[in-house]
Structure formats: structure tokens, C-alpha cells
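Biologist: I'd like to learn how to read a sheet and the pieces around it. Can you walk me through one?

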Amino acid sequence: MQRDVNNSPSRFGEGLGERSGAMMAAVYRMPGRLELEEIPVPEIGPGEILVRIDACGICGTDLKKIEYGLQPGPRVYGHEMAGVIARSEAEGWAVGDRVALLHHVACGGCFYCERGLDSQCLEYRQTATTAGFEPAGGGLAQYVRVMDRAVRRGVLRVPDHVPLENTVFLEPLNTCLKGVRRVAGRPGDTLLLLGLGPIGLMIAWLARREGYQVVGYDPIPERRGAAVAMADVQSIEGDDIPAALRALTDGRGADAAIAATPAPAAIDTAIASVRRGGRVVLFANTRADEKASVGVGAICTGDRELVGSYSASMGLIDEVCQLIFNQEIPVSELVSHRFPIQSIDRALEVARRPAPETLKVIVRPND
Ligand SMILES: [Zn+2]
Ligand SMILES: [Zn+2]
């Protein structure tokens with residue numbers, strides 16, 4: 001789909017008169033669905049900006065929150081977002097600036113921040129962008145308010161030559177790069193990647209870039225095919241994944257594994273597939289109360305490590321921006337569907353029940 005990526009000044013602040021007016025938003029009220037509603041355009045205060053959303057990616061965590069009702073409604077979800085500033089009360093930011101937004105921003109000075117654990121910072125865990133109601137991201141609406149603490153560290157200027165839509169991948173790519181760095185292996189190491197959806201593909205690209213040999217599995221054959229074609233992944237069949245990894249590594253097993261799927265069985269498969277002293281990174285078990293039965297004997301007696309990786313890292317923002325701005329990572333190839341906000345039901349359905357060729361689903365609230 002070809003889009004106009006120029007800033008057409010006539011569209012700034014569209015629908016925004018003296019009073020803020022109304023906008024369309026996909027509002028979560030009860031588990032399982034979103035309601036398309038007309039709600040007020042958010043008011044902004046000193047130090048804040050209002051952004052007209054160009055594109056918002058639908059993330060697996062959004063789907064989980066909607067499906068399982070993990071948080072009380074009403075809320076407007078959507079956090080992988082980019083757009084154009086429609087109002088500014090913040091120094092250094094003007095109407096018409098093209099920006100990508102981070103909905104979580106670490107304070108930079110607390111116990112966790114000092115140890116590089118941004119995503120455990122208490123301030124990080126409080127969502128700093130909202131389209132109204134309890135702050136929850138707000139990208140699935142036509143306008144989003146960026147609170148002052150997010151303006152300070154969470155608004156990223158997008159160069160004119162970069163399509164705004166590409167920058168919705170900044171946050172997920174950051175989480176993927178953090179996960180890949182958690183592997184902490186050596187170039188040439190064999191990395192097992194379980195789950196080859198859009199997140200798995202980003203992990204594969206980044207892992208190849210760090211020099212790992214990536215061996216990937218996904219139950220959907222088309223996803224395995226895409227990972228081979230797009231990310232130079234060596235695909236394996238699923239009947240006996242640990243045996244397949246041993247066959248590729250002189251009988252040792254993979255040096256490390258990343259479970260980029262919440263399927264509980266994947267964790268045990270990953271543990272059984274890594275060699276002694278190997279590491280398994282849990283990437284997709286994002287429900288705090290999630291439980292799984294795992295082979296603890298193999299961890300203890302094999303000197304193996306089981307580690308988590310959650311959300312993004314402020315320290316990786318510059319690197320991730322370069323990867324996307326310089327098109328080193330072809331994120332636009334990951335977009336399989338685009339929907340206007342009026343089709344939010346369909347967008348959720350496609351994301352929730354991916355067809356073999358479904359990758360990233362993008363909502364474009366102002367189209
Ligand atoms: Zn996300
Ligand atoms: Zn902090």
C-alpha cells in the first residue's frame with residue numbers, strides 16, 4: 001500500500017477547534033472486545049503534547065489484556081504508535097513534528113534504573129500516554145495525550161524520509177534486542193528460536209546480526225517458510241526439537257534458546273534443547289501470574305540458566321532508532337494488514353486468529 005508520508009499542513013489539528021471536539025477510539029469495556037466510540041479529544045497540560053496518531057501496531061500483550069480482561073475498563077489500549085504533533089505545550093516540540101512515542105519511560109535515577117533494569121522502575125510501569133480513561137497507551141484512538149514525563153524521554157523525532165508506520169516497530173524491536181542481548185552468547189553460537197511470528201522474525205534478524213546461527217520452529221509451516229526466506233533462519237520440524245538441535249551441534253544441544261511464544265510446552269522444549277551450561281530466555285510469558293511446569297533437574301544438574309526478558313530498555317533506544325531509520329531492519333515487510341479504526345473488530349480478529357500469512361496488524365486511526 002502506498003501512502004502519503006508528507007506532512008500535509010492542512011491535516012494538522014484536523015477537527016481541533018477552540019474546543020477540543022470529539023474523536024473516534026476503540027474502547028475496552030469488558031473482556032473479549034473493543035467498542036468503537038466517540039470520546040473527547042484529550043486535553044493537555046503544561047509540558048505535554050497531543051499527537052494525531054498515524055499508525056498503531058496491535059501487540060500480543062494488547063490481545064491478552066483484552067481477551068482475559070487483565071485490567072478493569074474502560075481503557076484505550078495500543079502502544080506501538082507514531083503520529084504528528086497536533087498541539088504542544090512542551091518546549092522543543094511544535095505542531096507538525098513527526099514523532100514516535102514510548103508509552104513507558106523510566107525515571108533514570110532509582111534503584112532499578114541505576115542497575116540498568118529500566119522495565120522494573122516503578123515510574124516505567126506507570127503508563128505515560130493516554131487517549132482518555134485510565135492511561136493504557138491510547139494508540140487505538142485518533143489522538144493521544146503524551147504526559148510530561150514521557151515527553152522528556154519518550155518522544156522520538158522521526159526523520160522526514162522515514163515512514164511513520166515503520167516507527168511503530170521501535171518499541172517491539174527494542175524489546176527484541178533486549179531479549180537477544182540477554183542470550184549473552186558468542187558469535188557462531190547456535191540459538192534456538194521458538195515462535196516465528198512478527199516478534200520471532202525481529203528476534204531472528206537481530207540475532208543473525210549478532211552472529212548467531214538461528215534455528216527456528218513454529219507450528220505454522222508458512223511462518224517457518226517466511227523465517228527462512230526473510231531472516232535466514234534454519235527451519236526444523238516439530239516432532240523432536242531437542243533431537244534436531246543435538247543433531248546440529250555434535251550432540252550437545254543449542255547454546256541458547258529464546259521462547260518467543262507463551263505456549264507453556266515451549267519452555268520445557270527449550271530447556272531440553274539447550275546444552276549443559278546453556279541459557280533459556282523467556283520472552284513471551286507476560287502475565288504476572290503465569291505458571292508452567294519445567295524440568296528443574298535439567299536446569300540444576302546441567303548448570304543451565306533460565307532468565308526472563310521483559311519490555312524495552314532505555315539504553316537501547318538510539319541503537320534501535322538507527323536500525324529502523326537507516327532501514328537496516330526491513331520492518332515494513334512485517335506488515336500484513338492495515339485497518340481504519342472503524343474496522344477495529346476485524347483488526348482484532350485477524351491479530352487474534354492469525355492466518356498462515358498474517359504478520360503484523362496495523363490500525364490507522366485517521367485514514
Ligand atoms: Zn507491545
Ligand atoms: Zn527508575
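Modeller: Sure, and keep in mind that this is a predicted model. Let's start with one pair: strand S10, residues 213-217, runs parallel to S11, and the two are joined over 2 bridges.

Biologist: Which residue stands opposite valine 215 in that pair?

Modeller: Glutamine 234 of S11 faces valine 215. Helix H5, residues 198-209, also packs on this sheet, touching S9, S10 and S12. The direction of H5 makes about 165° with that of S10.

Biologist: How do I read the sheet as a whole?

Modeller: Here's the general idea: strands of a sheet pair through backbone hydrogen bonds, either parallel or antiparallel. In this case the sheet is open, with 6 strands in the order S11-S10-S9-S12-S13-S14 and parallel pairing.

Biologist: Which strands stand at the edges?

Modeller: Those are S11 (234-235) and S14 (305-308); each has a single partner strand, so one side of each is left without a neighbour in the sheet.

Biologist: Which strands does helix H4 lie across?

Modeller: H4, residues 170-183, lies across S9 (190-194), S12 (254-259), S13 (274-282) and S14. Relative to S13, H4 runs at about 160°.

Biologist: What about domains?

Modeller: The domain assignment gives domain 1 as 9-162 + 327-364, and domain 2 as 174-308. Taken over C-alpha atoms, their centres are 30 Å apart.

Biologist: How many residues does each domain bring to the contact?

Modeller: Domain 1 supplies 10 residues and domain 2 supplies 9. On the domain 1 side, the classes are 5 nonpolar, 1 polar and 4 charged.

Notes. Residues numbered from 1 in each chain as written. Chains lettered and ligands numbered in written order. Predicted model: local features only at pLDDT ≥ 70, side-chain atom pairs only at ≥ 80, totals over all residues. Pairing = 2+ DSSP bridges. Helix = DSSP H or I, 4+ residues; strand = E, 2+ residues; numbered from the N terminus. Contact = placed C-beta atoms within 7 Å. Axes fitted to C-alpha atoms, helices over the stretch in contact; angles between N-to-C directions. Domains from an automatic or database assignment. Nonpolar A, V, L, I, M, F, W, Y, C, P; charged D, E, K, R; others polar.
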